[in-house]
Amino acid sequence: MRLQAATQREYPFPTGQLLVSTTDLKGRILHANAVFVTTSGYALDELMGQPHNILRHPDVPEEAFRDMWATIQAGRPWSGIVKNRRKNGDHYWVLANVTPLLDGGRPVAYLSVRSQPTRAQIDATAKLFALMRDEARTGRLRHRLKSGELVRTGMAGAWAGLWHRAPWLGEASAYAAVAVLSTLAYAQAGPWAALGSALLAGSALAAWRDGSRRAGLGRVEAYANALAAGDLAATLERSGRPQLRGLEASLDQVGVNLRAMVTDTRKEIERIRSVSNEIAQGNRDLAGRTEAQAASLQQTVASMEQIATTVRDTSSGTQAANGVVGELHEVSRHSAEVVHSVTDTMGGIAGSSNRIGEIVQLIDSIAFQTNLLALNAAVEAARAGEHGKGFAVVAGEVRALAQRSSLAAREIKSLIDDSTRRVQAGEAQTRTARESIDATLSKVEAFTALIGNIDSAAAAQMRGVAEVHGAIRQLDGITDQNAAMVEQLARSATQMLDDTAQVAAALRVFRLAANETRAMPDAVDLRRTAKQA
C-alpha cells in the first residue's frame with residue numbers, strides 16, 4: 001500500500017474516545033474499533049490484515065519502536081506517547097498502551113488502547129523525539145527508552161538506575177541506625193564489635209523484608225498484568241502481608257467484577273448477534289420479495305399503459321365511428337325524405353293518369369255521340385234528297401272525324417292504361433323502398449344510439465383506466481420507497497451485525513476460564529476477505 005507523505009497537519013484526537021485495536025505477533029491488524037478506523041482515515045477493509053506500520057509517522061524515532069517490541073515480546077505491557085500518521089498524511093498524537101495477550105504464559109496477540117494525551121505531554125514528547133532523532137543521526141545516543149520510561153546513558157544514568165533498582169538500601173540504613181543505638185546502649189562487648197553486628201543484622205533484616213515485600217508485589221504485579229491482558233481466569237495468590245491486604249482484595253474484586261461484566265456482555269452480545277443475524281436474514285428476504293413486487297408492479301404499469309393506449313385508440317375509433325354514423329344517419333334521413341317525395345310524386349302521377357283516363361273516356365263518349373249525330377244527319381240528308389247532299393257530305397266528314405277521334409281516344413286510353421299500370425307498379429316499388437328506407441333509418445338511429453353508448457362507455461373506461469394507472473403508479477412509487485427503506489434496513493442490519501461482530505471480536509481478548517484458549521484470527525485470511533468484500 002502506497003503511503004502519503006507527512007503533511008505535519010494535526011488531526012484532533014476524538015475527545016473522550018478510546019482507539020482500540022488488536023494485532024498478531026507480527027504487528028498485523030486483526031481488529032479495530034470504529035473510532036480507530038475513523039481517526040486513521042482508512043476504511044475497515046483497508047486495515048484488516050495490514051501491518052500496523054501503515055500508521056507509523058516518520059517523526060517517531062526508531063528507539064521508541066525498539067523499546068516497545070522488546071517490552072511486549074517479553075510479555076510485559078508498554079505505555080508511551082506516539083505520533084501516528086493518517087491515510088492523507090496528517091498526524092494525531094496518542095497515549096498508547098500495548099498489552100500482550102498471553103496463552104500459556106506466551107504472547108499470542110497484542111491489545112492496543114490509545115487515549116488522548118495532554119498538550120504538555122505532546123510538546124515534551126515532540127522535543128524528546130527531535131532530540132533522539134538528532135542523536136541517532138550523529139550516532140551518539142544519550143537518551144534511551146526502557147519499558148516506556150526515559151533513561152540516560154553514562155555515569156549519572158548508571159547511579160540513577162542502581163538507586164532505582166535497589167531502593168532497599170534506604171530502609172537498610174534505617175534499620176542499621178536503630179541497631180547501632182540499641183547496641184551502644186545495651187552492648188556488653190566492645191563498641192566496634194557491637195556496631196558491626198548491629199549493621200550486619202539490620203542490613204540482613206532490611207534485605208529480608210524488602211525481598212518479602214518484592215515477592216508479594218511481584219505476585220500483585222503479575223495479577224494486574226494478567227487483568228490488563230484480559231486474562232480474567234487468573235487468580236491472585238494472597239501474600240498474607242498486612243500492608244498488601246487491601247491492595248490484593250481490591251484487585252481481586254476488580255477481577256471478579258470484570259469477569260461478571262464480561263460474562264454478561266458476552267451472553268448479551270451473542271443474543272444480539274443471533275437476533276441481528278435473524279433480522280439481517282429477514283431483511284434480505286424482505287428486500288428480495290419487495291424487489292420482486294416492484295418488478296411485478298413495473299410490469300403491471302407497463303401493461304396498464306398498453307391497455308390505456310388500446311382504450312385510447314378504441315375511444316378515438318368509437319368517436320370517429322360516431323361521427324360516421326351521424327353522417328350515415330343524416331344521409332339516410334335525407335334519402336328517406338327523397339323516397340317519400342318520390343312516393344308522393346308517383347302518387348300524384350297515378351292520380352293524374354286516372355284523371356287523363358277519365359278525360360279520354362269523355363272524349364271517346366263525345367266521339368261516339370258525334371258519330372251517332374253524324375249518322376243521323378246522313379240519314380236525314382238522304383231523306384232530303386238533292387237538298388241534303390251538301391249536308392250529307394258534312395255529316396260524312398264529321399262522322400269520319402268522330403271515328404278518328406274515337407280511335408285516337410282508344411289508343412290514348414291504351415297508353416294511359418299502360419302508363420297507369422307502370423305508375424302503379426312504380427308507386428308500389430317506391431312504397432316498398434319507403435318502408436325499407438324507414439326501416440334502415442330506424443336501424444341507423446338505433447346503431448347511432450349504440451355507438452353513442454359505446455363511446456360513452458369507452459370514455460368512462462378511459463377515465464377508469466387512467467385512475468387505475470395513476471393508483472398503480474402511486475403504488476409503484478410507494479413500493480420503490482419501501483424497497484429503498486428495506487434496502488436501508490438491510491444495510492443497517494448488516495452494519496449492526498458487523499458492529500456486533502466487532503464487539504464480539506473486542507471481547508475475545510478476555511479469557512474467562514483457565515482452559516479457554518485465545519483463538520485469534522489469521523491476518524492473511526482477514527486481508528483476503530477484505531479484498532473480496
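A residue is taken as exposed when its relative accessible area is over 50%, as buried when that area is under 20%, and as partly exposed in between. The structure described here is a predicted model. With this scale, Arg137 counts as exposed because its relative accessibility is 61%. Its partner Asp134, at 36% relative accessibility, counts as partly exposed. The side chains of Asp134 and Arg137 form a salt bridge with an N to O distance of 2.0 Å. Both residues belong to helix α4, where they are three residues apart, or about one turn of the helix.

Salt bridges with shared partners also join Glu63, Arg66 and Arg144 into one network. Within this network, Glu63 and Arg66 are bridged with their closest N and O atoms 2.5 Å apart. These two residues are three positions apart in helix α3, so about one helical turn separates them. Their accessibilities were classified as follows: Glu63 counts as buried, at 12% relative accessibility, whereas Arg66 is partly exposed, with a relative accessible area of 35%.

A further salt bridge links Arg56 to Glu62, the closest N and O atoms lying 2.4 Å apart. Arg56 has a relative accessibility of 25% and therefore counts as partly exposed, while Glu62 counts as exposed at 52%. In total, eleven salt bridges were counted in the model.

The nonpolar residues were examined next. In soluble globular proteins, nonpolar side chains tend to be buried together. In this model, the largest nonpolar core has 30 residues, and of these Leu47 and Trp78 touch the most other members. At least two residues of this core are supplied by each of the helices α1 (34–40), α3 (62–73) and α4 (119–138), and likewise by each of the strands β2 (29–32), β3 (78–85) and β4 (91–103). Strand β4 provides the largest share, five residues.

The surroundings of Trp78 were then listed, leaving out residues up to four places away in sequence. Trp78 touches Ala64, Asp67, Met68, Thr71 and Ile72, along with Ala96, Asn97 and Val98, and its contacts also include Ser147 and Gly148. Apart from the largest core lies another core, made up of nine residues, including Tyr223, Ala234, Leu236 and Leu251.

Methods: Residues are numbered from 1 along each chain as its sequence is written. This is a predicted model: local features need pLDDT of at least 70, side-chain atom pairs count only at pLDDT 80 or more; totals for chains, interfaces and linings use all residues. Side-chain values use heavy atoms; hydrogens and water are left out. A nonpolar core is a set of buried Ala, Val, Leu, Ile, Met, Phe, Trp, Tyr and Cys residues joined through side-chain atoms within 4.5 Å. Buried means under 20% relative accessible area, exposed over 50%, partly exposed in between (1.4 Å probe, protein chains only). Helices (H or I, at least four residues) and strands (E, at least two) are DSSP runs, numbered from the N terminus. Contact means heavy atoms within 4.5 Å. A salt bridge is a side-chain nitrogen of Lys or Arg within 4 Å of a carboxyl oxygen of Asp or Glu.
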